[in-house]
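Student: I have a structure open and would like to go through it piece by piece. Can we start with one helix and work outwards?

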Amino acid sequence: MSAAIDVVSIGMVTAVGLDAPSSCAAMRAGIDGFQETGFLASGGEHLIGAPVPLPGDWVGEKRMAYLAAMAITEAFAGAPEARGSAALILCLAEDDRPGRPASDGQRMLARMASITKLTSPNKARIVAHGRPSGLLALEQARRILSAGEAPFVMIVGVDSYLTAGTVTHYFAENRLLVTDNPDGFIPGEAAAAILCCPRPTTGGLRLHGLGLSREPAFIYNPDDLASRGDGMTAAYLTALEETGIAMHRVGYRISDLIGEKYWFRQSALATLRLTRGRREFMDIWSPGETLGNVGAAVVPLMLGWAFTAAAKGYAMGDSVLVEASNDTGACGAAVFTGRAV
């Protein structure tokens, strides 16, 4: 079994709040950040999106750098002893995603460092796999911490689907939620950060199991295979076996569901295939209900929400399973336990 690690501090910048407390409170209350954008859909209607309320001249890579820097700064404020010693893992959009807002990861890191004025002796790492990036980053964080390479690891995810290239691409693929396409997603943007350490803490969120896999029947699969949830089922199973609990013992789930039925089916199939014993209901939360599709920011954001729920006592159980996947089949799941402060 791999060493457990703790999430000890968080930061968020979303369409419903410029810090973690306000973002989590809004998500819990079901307050969304949806509004008309400057992008036009078919028939001349304005595309609905979930932009972060930032100054208008912060666009593109500059905008992403400021979002990420704000989340990082908030997370360090919760654990100031980690400043200057934390390794950084930056989660970004897929390298081949059209219109990705931060096309040069190293340049993005330099911008973030300039804004935050924070340095570390540890080389920063980049994970560019979109929504499940944060789960891959957790695996890297475990290795860094267990090897003693750094006393803390900061995982930050930042992304936006509100760029001209991205909107144009997903319109062409019939993937956006518009009047004549109810099976689509709302484009959003966000940044979120989690600070991890290897030692038990008072309060916080502890990682116990992590599973990474690949779905052969991914949403764009060229063979037009029907998904049975094989990839996510394998990810669930690995995370649960490492944790040492059965699926029906999990308290609740947080998923990166973005509104399209493909992802609901994948999650439901994985749950049904692994649930043994009596379980009448398992709650499932999704940031997508209020923030739309926030891409690579979603895993740190989901973990930040679980961290807050545990700290404030509104988590739906002692354990939570967090899942994410992307359009090319990469998927993963992780099981955490939370403890109230």
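Tutor: This is a predicted model. Helix H3 uses its buried residues to pack against helix H2 (60-77) and strands E4 (86-92), E5 (125-128) and E6 (152-160).

Student: Which residues of H3 are buried?

Tutor: Gly105, Met108, Leu109, Met112 and Thr116. Viewed down the axis of H3, they fall within an arc of 100 degrees, so they line one face of the helix.

Student: How many residues does H3 have, and how far does it reach?

Tutor: H3 covers residues 105-116, which is 12 residues. From first C-alpha to last it reaches 16 Å, close to the 16 Å expected at 1.5 Å a residue.

Student: What is at the start of H3?

Tutor: A side-chain oxygen of Asp104 comes to within 3.2 Å of the backbone nitrogen of Gln106. At the other end, H3 is followed by Lys117, which has a positive phi, near 60 degrees.

Student: Switching to the core. Which residues have the most contacts inside the largest nonpolar core?

Tutor: Leu138, Ile155, Ile254 and Phe336, in a core of 53 residues. Helix H9 (residues 298-312) gives the most to this core, with 9 residues.

Student: What does Ile155 touch?

Tutor: Leaving out residues up to four places away in sequence, its contacts include Ile89, Cys91, Leu138, Ile194, Cys196 and Pro300. Apart from that core lies another, of 32 residues, with Ala65, Ala86, Leu109 and Met154 among them. Leu109 is also one of the buried residues of H3.

Student: You mentioned cysteines. How many disulfides are there?

Tutor: The structure holds 0 disulfides.

Student: Why is there no bond from Cys196 to Cys197?

Tutor: The closest cysteine sulfur to that of Cys196 is the one in Cys197, and at 8.0 Å it is too far for a bond. The cut-off for a disulfide is 2.5 Å between the sulfur atoms. Cys331 is in no disulfide either, and its nearest cysteine sulfur, that of Cys91, is 16 Å away.

Student: Are those two buried or exposed?

Tutor: Cys196 is buried, at a relative accessible area of 0%. Cys331 is buried too, at 3%.

Student: Last one: where is Glu81?

Tutor: Glu81 sits in the loop between H2 and E4. Not counting residues up to four places away in sequence, Glu81 touches Phe152 and Arg199.

Student: And how far is Glu81 from Ser267?

Tutor: Their C-alpha atoms are separated by 38 Å, and the two residues are 186 residues apart along the chain.

Note on methods:
Residues are numbered from 1 along each chain as its sequence is written. This is a predicted model: local features need pLDDT of at least 70, side-chain atom pairs count only at pLDDT 80 or more; totals for chains, interfaces and linings use all residues. Side-chain values use heavy atoms; hydrogens and water are left out. Buried means under 20% relative accessible area, exposed over 50%, partly exposed in between (1.4 Å probe, protein chains only). A nonpolar core is a set of buried Ala, Val, Leu, Ile, Met, Phe, Trp, Tyr and Cys residues joined through side-chain atoms within 4.5 Å. Helices (H or I, at least four residues) and strands (E, at least two) are DSSP runs, numbered from the N terminus. Contact means heavy atoms within 4.5 Å. The expected span of a helix is 1.5 Å times one less than its number of residues. The arc is that of the directions from the helix axis to the C-beta atoms. A polar contact is a pair of N or O atoms within 3.5 Å; within protein, one must be able to donate a hydrogen and the other to accept it, and residues adjacent in sequence count only if both atoms are side-chain atoms.
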